[in-house]
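Would you like to see how a label in structural biology gets decided? Let's take a few terms and test each one against its cut-off.

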Amino acid sequence: MKLSDFDYHLSKEQIAQFPLTERDRSRLLVFHRGQNKTEHRIFRDLTEYLRQGDVLILNDTKVIPARLSKNNGVVYVKFNTGDIKKYLNKIGVMPLPPYIKRKAGQSDNACYQTVYAERDGAIAAPTAGLHFTEKLLSEIKRQGVEVCNLTLYVGYGTFKPVVSDDIENHRMDEESYEISEAAADVINRAKYEGRRVIAVGTTVTRTLETAACEENGKWGMGNEKSGRIKAGQGRASIFIYPGYKFRVVNALITNFHFPKSTPMMLTSAFAGLENLKRIYAECADAGYRFFSYGDAMMIV
């Protein structure tokens, strides 16, 4: 496939520069693949699309204030490995993506972080999770949905530009991940019993699909169907694009992604490229907000 296949037009006015005051008041586009049908909802309506027995998987990585500049009041910082976190928390700022055309402010320290973030080490937020509130997660659990965490430390690999015109020549940089035995057991039991595994974000999706490949020894560009995942630590470098056969993930919650980006390619693999481009155009016309601080979609 060609890189140009994943391009689309979006006016700069539709790139969200600030988060909403209420996280779960963002808009939610629901795409039903089987019926090729879309619905326009609010994110807190997510509970209507979940059912007892579903497993919802979150990425609990925590963004560190990794951006340094002379504007922080220092020309350079001398530190050893043990001092890095202390210095970053003192002089670093949140590393907002470059399409947010403003400096990070104090409010971004909380807003550019999921409410369930626990494990320091990411240089960008797993943005699909920014829409959840503690109240919404409590409601979801009361429905009988199992909620569990894994960790993928979001790094440059997620955002590395695709420069090859033939996307199959692209290589993802590795990112570290961890899946606990408890989380693996929950997911594997759900797959065995035919219950849905719902990934919150492309980082969760890549982690789960990598762990399945590690367990089964094959990549997913063929017709392999095994969805058992392997617990433990690992390095994710899987590149998912149209043609990939998903082993673990049955539904995906994600944001609207940058043109020609690997997250857009992964979402295209799940929804279908032409479907996704049609949905993006429909949502742009409807005034949705795009990218990290923007609105969300759920693909079922």
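The questions below go through some salt bridges and one helix of this predicted model.

Q: Why is the pair Asp165 and Lys2 called a salt bridge?
A: The term asks for a side-chain nitrogen of Lys or Arg within 4 Å of a carboxyl oxygen of Asp or Glu. Here the N to O distance is 3.9 Å, so the pair meets the cut-off of 4 Å.

Q: What makes this pair a tie between parts of the chain?
A: Asp165 sits in the loop between helix 4 and strand 7, and Lys2 in the segment before strand 1, so the pair joins parts that are 163 residues apart in sequence.

Q: Why does Asp165 count as partly exposed?
A: Its relative accessibility is 45%. Buried needs a value under 20% and exposed one over 50%, so a value in between is called partly exposed. Lys2, at 42%, gets the label partly exposed too.

Q: How do you know that Arg44 and Asp24 form a salt bridge?
A: Their closest N and O atoms are 2.8 Å apart, and the limit is 4 Å, so the name fits. Arg44 lies in the loop between strand 2 and strand 3 and Asp24 in the segment before strand 1, so this pair ties together parts 20 residues apart in sequence.

Q: Which label does each partner get, buried or partly exposed?
A: Asp24 has 10% relative accessibility and counts as buried, whereas Arg44 has 30% and counts as partly exposed.

Q: What makes Glu174 and Arg235 a salt bridge?
A: Their side chains meet at 3.2 Å, N to O, and the cut-off is 4 Å, so they qualify.

Q: How do you know that the length of helix 8 agrees with what is expected?
A: At 1.5 Å a residue, its 13 residues should span 18 Å, and the end C-alpha atoms are 18 Å apart, so the two values agree.

Q: Which residues of helix 8 are buried, and why are they said to line one face?
A: The buried ones are Leu273, Leu276, Ile279, Tyr280, Cys283 and Ala284. Seen down the axis of helix 8, the buried residues fall within an arc of 130°, so they line one face. On the other side of helix 8, Glu274 and Asp285 are exposed.

Q: What covers the buried residues of helix 8?
A: The cover includes strand 1, strand 2, strand 10, helix 7 and strand 11.

Conventions:
Residues numbered from 1 in each chain as written. Predicted model: local features only at pLDDT ≥ 70, side-chain atom pairs only at ≥ 80, totals over all residues. Heavy atoms only, no water. Helix = DSSP H or I, 4+ residues; strand = E, 2+ residues; numbered from the N terminus. Buried < 20%, exposed > 50% of the residue type's maximum accessible area, 1.4 Å probe, protein only. Expected span 1.5 Å × (residues − 1). Arc of directions from axis to C-beta. Contact = heavy atoms within 4.5 Å.
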